Amino acid sequence: QTVRVLAFTIIAGCPIEAAGQDLDLRLEGRWPPFDRKSRNHSMALAGDYAYVAVTVSDPNELTTRIQTFDISDPNFPRFVGVFVTAQDSNESVDIAASENLVFLFYSSHFDFSARLEIIDISDPLNLEHTGSYKAVNPMNRMAVSGDRVYLAGGDPDALIVLDVSDPSNPQRLGNVELPAKKPYEIRRAESITIANTFVAVELYCFQSSNWKPVVKEPTRIVEIIDVSDPIIPHVTTTLDGFSGKPIMASSDQTIYLTDANALQVLELTDAGASKTVGRLAWSTIEAFEPSRIHDMIADDNKVYLLFETGGAVIDIARPEMPEFLGSFETDFPIEEISGRLAYMLVFGDLLTHDLASAFEKEQSEIDYSHAGDSYDVAIKDSYAFLADGEAGLTVVDISEPGNPRIVGRKRTVYCATRISL
C-alpha cells in the first residue's frame with residue numbers, strides 16, 4: 001500500500017463543485033507553512049557577515065550547513081557561500097560567533113547528548129572546521145563570550161564552562177552541579193544569557209515517575225551563576241515565583257526578565273545579588289498581549305520583545321523607568337537584531353527590516369486622548385504627576401518643556417481625581 005502526502009493550499013469560498021463559475025476565493029491557509037527541506041534555523045552576526053545554521057533533509061540523511069551572507073550593505077544582503085559541517089540525526093542546532101570563530105551546538109532530542117563544533121571564520125568565504133567537544137551529561141543551551149563557552153543543562157549540571165582559547169582543543173574548566181531533589185525531579189535548561197561575570201540559566205523543573213510528570217504545573221526558576229572564577233562557578237541567587245514562562249535578555253550587569261505580568265529590570269551586585277530597579281506592567285499598555293512574546297533581545301538601550309511575527313520596543317535608557325515605545329509587524333519571524341536592523345530567514349534567503357519607525361516617536365504621535373480627563377496635577381523636579389480619572393496616575397517628563405513625554409502609567413482601583421506628593 002502506498003501513501004502519498006502532498007502539499008496543499010486551503011481556499012475558502014464556494015464548494016469545489018462550483019468550479020467553472022466566478023468564485024470569490026480567498027487564501028485561508030497553507031500546508032506545510034515552511035520549507036520541507038529545512039528543519040531548523042539559527043543565526044549569528046560577526047562583522048560584515050551573517051552565518052546561518054540550516055539543517056537540510058536529503059533523501060538519505062540530515063546535514064547541517066552554514067550559509068554565509070555578506071551584510072556590509074544591509075539593504076542588499078548577498079549569499080556568498082555554504083559550508084557543510086556534519087551529518088546529524090534528530091538534533092537541534094544553535095549557533096554563536098565570537099571574534100574569528102563560529103560555534104555550532106548540537107543537542108539530541110532522544111538521548112540528550114550534546115556536542116560542540118568550532119569553525120574558523122577568519123576567511124568568511126572559506127570556513128574551516130577547527131575543533132570539537134562532546135559533553136558527558138545532557139546539555140541543551142549555549143552562550144559564548146570571548147574565549148569562554150557556557151553550556152547549560154539541568155541534570156545534573158546546570159552549567160559547564162569551556163575554555164576555547166585554543167579552538168582546536170576545547171578544555172572543560174568548571175561546572176555547577178545542582179543537588180538532587182526528590183521525588184525524581186527533572187530539570188532542563190530553557191534559556192541562557194550572560195551578564196558580565198554572571199550567567200543566568202532558566203530551568204524548567206517537574207517531578208516525574210518513570211519520566212511521566214506527576215505534577216500538573218511545572219516550576220520555572222532562574223539561577224544566577226557567578227563565573228568570575230571559571231574553575232569554581234557557583235550559584236549566587238535563585239529567582240522564582242514567575243507568572244508563566246520567564247524570558248530573559250541581558251546587557252552589561254543587568255538582566256531583563258519578562259513573564260505574563262511585567263518586564264523587570266534586575267541589576268546584579270558584584271556579589272551576585274539581584275535588585276529590581278525598574279518594572280513595566282503589561283496592564284499599563286493598551287491592548288498589549290504578553291502571551292505573544294516568545295523571545296527577547298537587548299541591544300543599544302532598547303529591549304525588543306519578539307512575537308511570532310513582529311514585536312515591540314521598550315526604551316531602557318533609564319532602567320528605573322522602562323518606556324514602551326510601540327510595536328511593529330514583520331512578515332516573518334526575527335532571528336537577530338543589531339542596531340536598527342532586524343534579520344529574518346525565509347526559505348534560505350536573508351531579509352532585513354528597518355526598525356527605526358518602531359521607536360522613533362515624534363511628539364505629534366504621542367496619544368494623550370486615552371489617558372482620560374486630568375483632574376489634578378502635581379509637579380516635582382522634572383516630572384508632572386497627573387490624576388487622570390479612570391486611567392489612574394500618569395507621569396510626564398517635562399525636563400524639555402517643548403517636548404513633554406509620558407514615561408509611566410499606573411491604573412488605580414477608583415477614579416483618580418486628586419494627587420498629593
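Select S191 to begin: its relative accessibility is 18%, so this residue counts as buried, the cut-off for that class being under 20% relative accessible area. The model on your screen is a predicted one, and the values along this tour are to be read with that in mind.

S191 is found in strand 15. If you now show the side chain of E202 as well, you will see that a polar contact of 2.9 Å joins the side chains of S191 and E202. Widen the selection to the residues that S191 touches, leaving out those up to four places away in sequence, and you will have R141, A200, V201, E202 and M248 on display.

From here, move to the largest nonpolar core. The core has 18 residues, among which Y150, L159, I192, V199, V201, L203 and V227 touch the most other members. To see where the core draws its residues from, colour strand 12 (148-152), strand 13 (157-163), strand 15 (185-195), strand 16 (198-209) and strand 18 (219-226), which are the elements that give two or more residues to it. Strand 16 gives the most, with 4 residues. As general background, nonpolar side chains tend to be buried together in soluble globular proteins.

While the core is still displayed, centre the view on L159. Not counting residues up to four places away in sequence, L159 touches M139, Y150, L151, A152, G174, N175, V176, I192, V199, V201, I225 and V227.

Next, select residues 247-251 and 274-281, which are strand 20 and strand 23; both stand at the edges of their sheet with a single partner strand each, so one side of each is left without a neighbour in the sheet. The sheet itself is open, has 4 strands in the order 20-21-22-23, and is paired in the antiparallel sense. On average, and with direction ignored, its neighbouring strands are turned by 20 degrees against each other. Within this sheet, look at strand 21 (residues 254-258) and strand 22 (residues 262-268), whose antiparallel pairing runs over 5 bridges. If you pick T254, its bridge partner in strand 22 is E267.

Continue to another open sheet, in which 4 strands follow the order 24-25-26-27, again with antiparallel pairing. Its edge strands are strand 24 (295-299) and strand 27 (323-328), each of which pairs on one side only. Here too the average turn between neighbouring strands, direction ignored, is 20 degrees. Inside the sheet, strand 25 (residues 302-306) pairs with strand 26 (residues 311-315) over 5 bridges in the antiparallel sense, and V303 has I314 in strand 26 as its bridge partner.

Is E323, which you should select now, buried or exposed? E323 lies in strand 27 and, with a relative accessibility of 14%, counts as buried. Once neighbours within four places in sequence are left aside, E323 is in contact with V313, I314, D315, R405 and I406.

For the last stop, select residues 376-380 and 383-387, which are strand 31 and strand 32; they run antiparallel and are joined by 5 bridges. On strand 31's side of this pairing, pick I379, which stands opposite A384 in strand 32. The hairpin formed by strand 31 and strand 32 has 2 residues between the strands, and D381 takes a positive phi near 55 degrees there.

Note on methods: Residues numbered from 1 in each chain as written. Predicted model: local features only at pLDDT ≥ 70, side-chain atom pairs only at ≥ 80, totals over all residues. Heavy atoms only, no water. Core = buried A, V, L, I, M, F, W, Y, C linked by side-chain atoms within 4.5 Å. Buried < 20%, exposed > 50% of the residue type's maximum accessible area, 1.4 Å probe, protein only. Contact = heavy atoms within 4.5 Å. Pairing = 2+ DSSP bridges. Polar contact = N/O pair within 3.5 Å; in protein donor to acceptor, adjacent residues only side chain to side chain. Axes fitted to C-alpha atoms, helices over the stretch in contact; angles between N-to-C directions.
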